[in-house]
Amino acid sequence: MRCSHCRKCCQETMMELSEADIARLERRGFRRDEFSYIGVDGIPRLKNAGIWCFFYDPEAGRCREYRSRPLGCALYPVNLDQDGEVFIDPLCPEAQSLDRKEVQLKGRRLRALLATIDAEASRRGRQP
Ligand code: SF4
Ligand code: SF4
């Protein structure tokens with residue numbers, strides 16, 4: 001797809017994070033508690049700073065860690081609904097630029113990612 005960097009998906013983000021996402025960002029020099037929090041469901045999510053994602057630079061108009069961004073950000077605007085069906089978030093103005101193959105591929109990767117995040121949340125919940 002052709003991202004037009006319209007900023008919409010970096011505003012008031014609730015992006016879920018895997019341990020691999022967190023570790024990658026920690027290797028970039030960030031502390032997990034400054035860029036993420038764990039919700040009551042045991043799932044880590046990106047923090048916001050004001051209306052923007054912690055990693056968004058509103059002056060430069062871009063993600064400060066684009067190359068190391070969470071996998072969920074890279075797969076967006078492909079998303080899964082509550083029944084696990086793939087859909088394209090209509091909030092993204094470039095949603096129509098994804099072809100069927102890209103949607104299928106990203107949908108498979110997103111399913112695997114969310115399964116990993118859920119498994120990690122379960123393990124976290126079992127820790128003393
Ligand atoms: S990590 Fe980057 S791409 Fe993802 S929501 Fe934050 S600013 Fe946007
Ligand atoms: S909403 Fe879509 S076009 Fe806008 S920054 Fe996000 S991915 Fe790019």
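The following exchange takes up the surroundings of ligand 2 and some backbone angles in a predicted model.

This is a predicted model in which local features need pLDDT of at least 70, side-chain atom pairs count only at pLDDT 80 or more, and totals for chains, interfaces and linings use all residues. Residues are numbered from 1 along each chain as its sequence is written, chains are lettered from A and ligands numbered from 1 in the order in which they are written, and side-chain values use heavy atoms, with hydrogens and water left out.

Reader: What makes Arg7 partly exposed?

Author: Buried means under 20% relative accessible area and exposed over 50%, with partly exposed in between (1.4 Å probe, protein chains only). Arg7 has a relative accessible area of 35%, so Arg7 is partly exposed.

Reader: What is notable about the phi of Arg7?

Author: Arg7 is not a glycine, yet its phi is positive, at about 85 degrees. His5 also is not a glycine and has a positive phi, of about 55 degrees. Most residues other than glycine have a negative phi.

Reader: Which residues surround ligand 2?

Author: A residue counts if one of its heavy atoms lies within 4 Å of the ligand. Among them are His5, Arg7, Tyr76 and Glu94.

Reader: How is the shell around ligand 2 divided by class?

Author: Ala, Val, Leu, Ile, Met, Phe, Trp, Tyr, Cys and Pro count as nonpolar, Asp, Glu, Lys and Arg as charged, and the others, Gly among them, as polar. On that basis the shell has six nonpolar, two polar and three charged residues.

Reader: What is the omega of the peptide bond between Tyr76 and Pro77?

Author: Omega is about 15 degrees, and the bond is cis. Most peptide bonds are trans.
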